[in-house]
Amino acid sequence: MKNISIAGSTGSIGRQALEVVKDDSENFKVTAIGAKSNTDLLKAQAEIFLPDYVCLFDETLKENIEGHLPKKCKLVCGQEAIDAVSTLGDLVLNAIVGFAGLSVTLTALKSNKLLALANKESLVAGGDVVERIKIKSSGKIVPVDSEHSAIFQCLNSERASSVDKLILTGSGGPFREILDIDLANITLNDALKHPTWVMGPKITIDSSTLMNKALEIIEAKYLFDISVNRIDVVIHKQSIVHSMVTFKDGATIAQMANPTMCLPIAYALNYPERSLNAYGKIDFSFPSELTFEPPNREIFKSLDFAYEAGSVGKNLPTVVNAANEVAVSAFLNEEIPWLTIFDTVRYCMDNCEISELVSLSDVMEVDENTRKVATDFIKARR
Ligand SMILES: NC(=O)c1ccc[n+]([C@@H]2O[C@H](COP(=O)([O-])OP(=O)(O)OC[C@H]3O[C@@H](n4cnc5c(N)ncnc54)[C@H](OP(=O)(O)O)[C@@H]3O)[C@@H](O)[C@H]2O)c1
């Protein structure tokens, strides 16, 4: 029996993780669930999974849930909730969206946990600091992002010295066939229509700008200790090949499945074993086609931002992440056009001073300053 804590249990990844747990209830027990604001769903999840701890990150919503939980569940709120969900159980799944996930990543590693990591922003924004903590920790990160899970599986028992390149695949998002699209007039609805994945709103917008792939380049740099110039991106519209590794002898190994996040989630929860339940299994008896093409880097400038930020390192990835979070949030509120997301990130990159990140407070300071610069930039453009 593995005891699992889920930070972000009310989100797209969190909900799918609970489905995986339900499918395998003989092997998994939910020790803690945690979320920010969706108290109705948190209550409903508590009734079904009976965790020891229910962790509510936004303390101001406490009265929505206090007194309404099953007797066995202890309610914790605010910082205590973040600490509890990051330190309880054998495995912590970090399924929080955005920079807020960094503290869960750091606390789980400091507590020597097996960390199933969906929250890519913590590695992008705080990669150097996470690295420092990871070196001292007996904990381990198992990626949940489907691309990084694929690479993790392709690298199984291979030597790092044999690897030539990592190849991240991407569906290309809703605008991959962009020839007849007026980029200046893309609406929120257009950008939220992802062709192959159903995900939370922030990552769906990141997929439309290919910023999701950009963040994944930096995430892969830290997860697999490889320079960004050895990480390629290819557009693969079927979303069947989840990523690949090319070795120095010329061989390329790919991991394939029909698109479902349940498979990488189940892989991480069962690690180092594999799940006995199948998710996304391909039926090869039907004719099918796999296509690969280079991304359009002229339009999707995010990829260049990632290669630049990933090779300069230091605070630049933190700046990219914070500027993007502010811009995506403004786009989701229909305050800026889609193209302004790229302009905001470029502006913040061009107007920051490069500095080393030694501690969490350095990361927090860069994040906070960049949010101010990005917010002012957006206000001036309205
Ligand atoms: N969805 C996917 O298929 C997918 C695939 C690969 C990687 N990922 C990564 O997984 C992470 C989660 O994505 P998602 O799509 O599941 O997001 P989502 O559906 O928006 O869910 C986000 C979760 O984080 C919680 N949350 C939001 N803001 C928070 C804050 N400031 N502090 C603490 N908790 C907060 C939410 O709680 P409330 O809802 O209760 O407010 C919710 O439980 C992201 O980093 C994303 O890039 C997602």
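Modeller: Helices (H or I, at least four residues) and strands (E, at least two) are DSSP runs, numbered from the N terminus. The model we discuss is predicted.

Biologist: Between which two strands is the place of Phe57, and is this residue buried or exposed?

Modeller: Phe57 sits in a loop, with strand E3 (53-56) on one side and strand E4 (74-77) on the other. Because buried means under 20% relative accessible area, and the relative accessibility of Phe57 is 16%, this residue counts as buried. The two strands are therefore E3 and E4, and the state of Phe57 is buried.

Biologist: What separates the C-alpha atoms of Phe57 and Ala7, in Å?

Modeller: Leaving out residues up to four places away in sequence, Phe57 touches a set that includes Ala7, Gly8, Gly34, Ala35 and Lys36, and also Gly78, Ala81, Ile82, Val85 and Ile96. Ala7 is 50 residues from Phe57 along the chain, and yet the separation of their C-alpha atoms is 9.5 Å.

Biologist: Which strands stand at the edges of the sheet that holds E3 and E4?

Modeller: Seven strands make up this open sheet, with parallel pairing, and their order is E4-E3-E2-E1-E5-E6-E7. Each edge strand pairs on one side only, and these are E4 and strand E7 (140-143).

Biologist: Which residue of E6 is the bridge partner of Leu91, and which helix packs on the sheet and touches E1, E2 and E5?

Modeller: E5 and strand E6 (residues 114-117) run parallel and are joined by four bridges. In E6, the partner of Leu91 is Leu114. The helix that touches E1, E2 and E5, with a direction at about 160 degrees to that of E1, is H1 (residues 12-23).

Biologist: Which residues of helix H3 are buried?

Modeller: The cover over the buried residues of H3 includes strand E1 (2-7), strand E2 (28-35), E3, E4, strand E5 (91-94) and helix H4 (102-110). After H3 comes Gly89, with a positive phi near 85 degrees. Within the helix (residues 78-87), the buried residues are Gly78, Ala81, Ile82, Ala84, Val85 and Ser86.

Biologist: In the sheet of four strands, what is the order, and which strands are at its edges?

Modeller: This is an open sheet with mixed pairing, in the order E9-E8-E10-E11. Strand E9 (231-235) and strand E11 (252-256) each have a single partner strand, so one side of each is left without a neighbour in the sheet. Neighbouring strands here are turned by 20 degrees against each other on average, direction ignored. The order is thus E9-E8-E10-E11, and the edge strands are E9 and E11.

Biologist: How many residues of E10 are buried, and how many residues are between E10 and E11 in their hairpin?

Modeller: E10 (residues 241-247) runs antiparallel to E11 with five bridges, and in this pairing Met244 stands opposite Ala254. With E8, the pairing of E10 is also in the antiparallel sense, over four bridges. Since seven of its seven residues are buried, E10 is largely enclosed by the rest of the structure. The hairpin of E10 and E11, where Gly250 in the turn has a positive phi of about 100 degrees, has between its strands a number of residues equal to four.

Biologist: Which residue of E10 stands opposite Leu166?

Modeller: Leu166 has a place among the residues with the most contacts inside the largest nonpolar core, a group that also holds Ile217, Phe224 and Trp338. Leaving aside neighbours within four places in sequence, the contacts of Leu166 include Ile151, Ala220, Phe224, Met244 and Val245. In E10, the residue that stands opposite Leu166 is Val245.

Biologist: Which helix lies across E8 and E9?

Modeller: Helix H6 (residues 146-154) lies across strand E8 (163-170), E10 and E11, at about 40 degrees to E10. The helix across E8 and E9, running at about 150 degrees to E8, is H9 (residues 211-224).

Biologist: What is the distance from a polar side-chain atom of Thr10 to an oxygen atom of the ligand?

Modeller: Of the 25 residues that surround the ligand, the closest are Thr10, Ser37, Asn38, Glu121 and Asp145. A polar backbone atom of Ser12 is 2.9 Å from an oxygen atom of the ligand. For the polar side-chain atom of Thr10, the distance to a ligand oxygen atom is 2.7 Å.

Methods: Residues are numbered from 1 along each chain as its sequence is written. This is a predicted model: local features need pLDDT of at least 70, side-chain atom pairs count only at pLDDT 80 or more; totals for chains, interfaces and linings use all residues. Side-chain values use heavy atoms; hydrogens and water are left out. Two strands pair if DSSP finds at least two bridges between them. Axes are lines fitted to C-alpha atoms, for helices over the stretch in contact, and angles run from 0 to 180 degrees between N-to-C directions. Contact means heavy atoms within 4.5 Å. A nonpolar core is a set of buried Ala, Val, Leu, Ile, Met, Phe, Trp, Tyr and Cys residues joined through side-chain atoms within 4.5 Å. Buried means under 20% relative accessible area, exposed over 50%, partly exposed in between (1.4 Å probe, protein chains only). A residue is near a molecule or strand if one of its heavy atoms lies within 4 Å of it. A polar contact is a pair of N or O atoms within 3.5 Å; within protein, one must be able to donate a hydrogen and the other to accept it, and residues adjacent in sequence count only if both atoms are side-chain atoms.
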